[in-house]
Amino acid sequence: MTRRAGLLALVILSSAAPRPARAQGPADLVTRGVQAYQSLDYDSAATLLRGALAPAADAGLPDSMRARALVYLGATEVFRGRRDSAMAAFRRLVLADPRYRLDQLIFPPEVSNLFAEVRLGTKAVSVVVAPRTEIRGPGDRLVVRLYATSSHDVAAAVTRANGTTLRVLYRGAIGDSLEILWDGRDSAGVRADSGQLELRIASRASGIRATRLVQVPLDLRLARRDTVPWPRPPADSLFRPEHAAGGSGLGALARGGLAAGAVLALPRIVAPSGDASGARFAVSGAIALSGLYGLLVERRARPLAANIAANRAIRDGWRRGAEDVRARNEALRRDVALVITARRPVATESQ
Amino acid sequence: MTSRGWAVIACGTLATSPVAAQRPRALAFEGMGASVRLRSTSPLGREALSGSALGGEVRLWRRAVILSVGYLQATLKPDSGSPAERNLVEGWALIGVRPKGWLEVRGGGQVRAYVTPAGTARRMYWEARARGEVPLVGRTAVAYVELWRSLAGSASGGDAVQGAQGGDSGLLVQIPGTPWRVRLAYRIDRTQLRTARRVETLEGVSLAVGIGGR
């Protein structure tokens, strides 16, 4: 009974303990700032929204939330009568997202007109490049998409690490957006080698003076395709013996000796009383020599034609396979791809 | 063994022997040159003649059966003394089988004639032959020994062949990669004539070139 009462008291005490205050993240600040704007509490709205956009908090803010904070901050400053601050907020918004358009159903004309004025007065582009592009064939290109705040002139070029121009990609006007292609070659048509390059897009407000420069570091790497491994030579165990061990050869010698002896004995067998001529010795000698030669031939290792043919077929098959691999590897070595890795664009304003 | 006994053996072999090496039909020709020597002894004295011979043989196989026909001609001149010069003409026709790869048995007839200005002396033999072969260098070089014996015989001039036997031995070389072959052989035979009590021994060494199956 005492234990049950103790547990009950512990539960009551734990539920009654004060909860920790909810952390005010940048997103909460934006939400509360928008609510303050809608409640016409512009000073609170400005404080909250600036708090959300402060450098310490801004890093954790999603792009859409940042754009929402900036547009409401600009509108808040309009109604607070701080036009410069409003323009600065709108300019920051336009530079971050040149295609951003104000919702005219939410914001009154004095806000949207000022936003339009800022947008038209800001000459900048945002650059979108695929993080990784592989240029292997003649149809492959690095695709660079430019989105402009307003119509102006741009110059796009690929430059080397020392700042010299490798290739001018575009020089002319941009309206809303522009797509620029690069085939990975310099102005002479030679393919770029491995190394560090930079894509530079300069926005020009008027004349030739650049007002804003966007730099996209490019890492170039020549990628060769993996070659096919060389086929392993056939194992020795696959080959059959090509020669059989020779015999003693004594059989041939014995047969030759017997036949030679038979020639010599023939007169005694057939005509014992006659006087045979010596001509038989020539024949007998020839047979004996043949038997001796047979001895030497039989002692030699005999080639096994069937095994030799089978081994040749194995070797020929391996050679054909190796030749195929060699031809494929030659083709693979010729097939070199230029891999371009684009890093995050960096924008700088010219003074 | 009597002549009748040899005949029985030969006919039996021809009729009943299992054929171990049956050959397809084939034809072979052989031309030969020979050096021959004739020795003849009788109660009247001895004669020795020698000379060169030319001849040839045709062999025909049809499965196991072998048919051979041959001819030899020589001019024999006396080695010494005064025997008359004579021409030797010899012909034979034999049929046989090869019951084993190394054994050949044949039988048939052989006619031999000595032609002199005074007349022609003929010998006629019915004979049986057996021939064995042994390889010396694979099948490229083969040695053979052949023995024959007359089963019956006759002679011109009212004489009769009392007995005859002979042998032939040599080396046969098949030239590799060609159908040609060369044969070096030594032969000797002995004929006893009953009435004249004459014994004739004919021997020779021949070199032959042939084409076709053996």
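**Reading salt bridges and burial**

Mentor: Let's start with a pair in chain B: Arg123(B) and Glu200(B) are both buried. Keep in mind that this is a predicted model.

Trainee: How far apart, N to O, are the side chains of Arg123(B) and Glu200(B) in their salt bridge?

Mentor: The idea is to look for a side-chain nitrogen of Lys or Arg within 4 Å of a carboxyl oxygen of Asp or Glu. Here the N to O distance is 2.5 Å. Arg123(B) sits in strand E6 and Glu200(B) in strand E10 of chain B, so the bridge ties together parts 77 residues apart in sequence.

Trainee: And which residues do salt bridges with shared partners join into one network?

Mentor: Among them are Glu57(B), Arg59(B), Arg98(B) and Glu104(B). Over all chains, the count comes to 41 salt bridges.

Trainee: Is Arg145(A) in chain A buried or partly exposed?

Mentor: For that, check relative accessibility: buried means under 20%, exposed over 50%, and partly exposed in between. Arg145(A) has 35%, so it counts as partly exposed. Glu179(A), at 45%, is partly exposed too. These two form a salt bridge, with their closest N and O atoms 3.1 Å apart. That pair links strand E3, home of Arg145(A), to strand E6, home of Glu179(A), across 34 residues.

Trainee: Why does Leu218(A) count as buried?

Mentor: Because its relative accessibility is 0%. Leu218(A) belongs to strand E8 of chain A. Beyond its sequence neighbours within four places, its contacts include Leu142(A), Trp182(A), Leu197(A) and Ile340(A).

Terms used: Residues are numbered from 1 along each chain as its sequence is written. Chains are lettered from A and ligands numbered from 1 in the order in which they are written. This is a predicted model: local features need pLDDT of at least 70, side-chain atom pairs count only at pLDDT 80 or more; totals for chains, interfaces and linings use all residues. Side-chain values use heavy atoms; hydrogens and water are left out. Helices (H or I, at least four residues) and strands (E, at least two) are DSSP runs, numbered from the N terminus. Buried means under 20% relative accessible area, exposed over 50%, partly exposed in between (1.4 Å probe, protein chains only). Contact means heavy atoms within 4.5 Å.
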